[in-house]
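Visitor: I'm new to this one and would like some help reading it. Could you walk me through it, feature by feature?

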Amino acid sequence: MENKKNILPSIPTGTTSLIAIFIIICISIFSVLSFVHANNDYNLSVKTQDFIKSYNKADMITENIVCEMKLTNGETTEKLKNLVDESKGTITFENNTYLLTVPINDTMDLNTTLEFNSNGSLVEKSRVSHSKASESEGSQYLELFDVYGDYE
């Protein structure tokens with residue numbers, strides 16, 4: 001009887017090495033991408049945390065000033081002046097309406113509108129955060145398409 005051996009086709013050694021190198025490169029690339037993504041998420045969460053802390057602080061200061069204004073019914077007192085000065089905010093009075101502005105950070109303000117109601121007491125109408133970036137010089141957005149005008 002003849003000895004028949006089952007001979008399996010073999011893969012050359014060089015091909016196996018190339019596949020192993022390719023797998024190692026793929027794993028390295030995915031690990032670097034994962035690290036970069038995790039680092040960006042961390043930086044975003046830190047910025048968000050800082051903004052939330054700043055906003056809550058500005059909201060607390062605004063609430064103190066609004067309470068003082070409601071207690072004095074819009075009259076300017078020494079305590080109210082001190083609260084506004086400490087917060088680096090501003091109060092303006094126009095058309096029977098107070099506009100209180102308290103800075104959140106370098107680029108945003110918290111604007112609160114107070115009006116007198118029919119009873120003569122102050123009522124808060126709105127509290128809105130407002131970005132100063134669009135107003136400052138050099139931060140204008142690039143206008144790519146103007147629907148209403150012609151390009152010069």
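Visitor: Let me start with a single side chain. Is Leu33 buried or exposed?

Guide: The general idea is to look at relative accessible area, where over 50% counts as exposed. Leu33 has 51%, so it is exposed. Keep in mind that we are looking at a predicted model. You'll find Leu33 in helix α1, which covers residues 13–72.

Visitor: What nonpolar surface patch does Leu33 help make?

Guide: Leu33 makes up a patch of about 510 Å² together with Ile21, Ile25, Ile29 and Phe30.

Visitor: Let's zoom out. How many helices and strands are there in the protein?

Guide: The count is 2 helices and 4 strands. Read from the N terminus, the order of elements is α-α-β-β-β-β.

Visitor: And how much of the protein is buried?

Guide: Of the 152 residues, 17% are buried. As for the outside, the protein exposes about 12,400 Å², and 58% of that comes from carbon and sulfur atoms. You can also ask how far apart in sequence the contacting residues are. Among contacts between residues at least 6 apart, 36% join residues at least 24 apart.

Visitor: Now the strands. In what order do they sit in the sheet?

Guide: To read a sheet, walk across it from strand to strand. Here the 4 strands form an open sheet in the order β1-β2-β3-β4, and the pairing is antiparallel. β1 (90–94) and β4 (122–131) are the edge strands; each has a single partner, so one side of each lacks a neighbour in the sheet. From one strand to the next, the twist averages 20°.

Visitor: What should I know about side chains on a strand?

Guide: In a regular strand, they alternate between the two faces of the sheet.

Visitor: How are β1 and β2 connected?

Guide: They form a hairpin with 2 residues between the strands, and Asn95 in that turn has a positive phi of about 50°. The two strands pair in the antiparallel sense over 5 bridges. One bridge to look for is that of Thr90 with Thr101 in β2.

Visitor: How many bridges join β2 to β3?

Guide: There are 7, linking β2 (residues 97–103) and β3 (residues 108–116), which run antiparallel. A hairpin of 4 residues takes the chain from β2 to β3. Thr101 turns up again here, with Asn111 as its bridge partner in β3. Leu99 has Thr113 as its partner in β3.

Visitor: Why is β2 described as largely enclosed?

Guide: Count its buried residues. In β2, 5 of the 7 residues are buried, so the rest of the structure largely encloses this strand.

Visitor: What about Asp109, is it buried or exposed?

Guide: The cut-off for buried is under 20% relative accessible area. Asp109 has 11%, so it is buried. This residue sits in strand β3. Setting aside residues up to four places away in sequence, Asp109 touches Thr101, Val102, Pro103, Ile104, Val128, Ser129, His130 and Lys132.

Visitor: I'd like to see what lies across from β3. Which residues does Ser126 touch?

Guide: Ser126 belongs to strand β4. Beyond residues up to four places away in sequence, Ser126 touches Asn111, Thr112 and Thr113. Take Asn111: Ser126 is 15 residues from it in sequence, and 7.9 Å in space from C-alpha to C-alpha. With 28% relative accessibility, Ser126 is partly exposed.

Visitor: Back to the helix, then. What is Thr62 in contact with?

Guide: Thr62 lies in helix α1. Its contacts, apart from neighbours within four places in sequence, are Leu100, Val102, Leu110, Thr112 and Arg127. Thr62 has a relative accessible area of 0%, so it is buried.

Visitor: One last residue: how far is Ser54 from Asn105?

Guide: That depends on which distance you ask for. Ser54 and Asn105 are 51 residues apart in sequence, while their C-alpha atoms are 6.7 Å apart in space. Ser54 is also in helix α1. Its relative accessible area is 25%, which means Ser54 is partly exposed.

Notes: Residues are numbered from 1 along each chain as its sequence is written. This is a predicted model: local features need pLDDT of at least 70, side-chain atom pairs count only at pLDDT 80 or more; totals for chains, interfaces and linings use all residues. Side-chain values use heavy atoms; hydrogens and water are left out. Patches are made of residues with over 30% relative accessible area and no salt bridge: like charges are joined within 9 Å, nonpolar side chains (Val, Leu, Ile, Met, Phe, Trp, Tyr) within 5 Å. Accessible areas come from the Shrake-Rupley method with a 1.4 Å probe; for residues, only the protein chains shown count as cover. A salt bridge is a side-chain nitrogen of Lys or Arg within 4 Å of a carboxyl oxygen of Asp or Glu. Buried means under 20% relative accessible area, exposed over 50%, partly exposed in between (1.4 Å probe, protein chains only). Two strands pair if DSSP finds at least two bridges between them. Axes are lines fitted to C-alpha atoms, for helices over the stretch in contact, and angles run from 0 to 180 degrees between N-to-C directions. Contact means heavy atoms within 4.5 Å.
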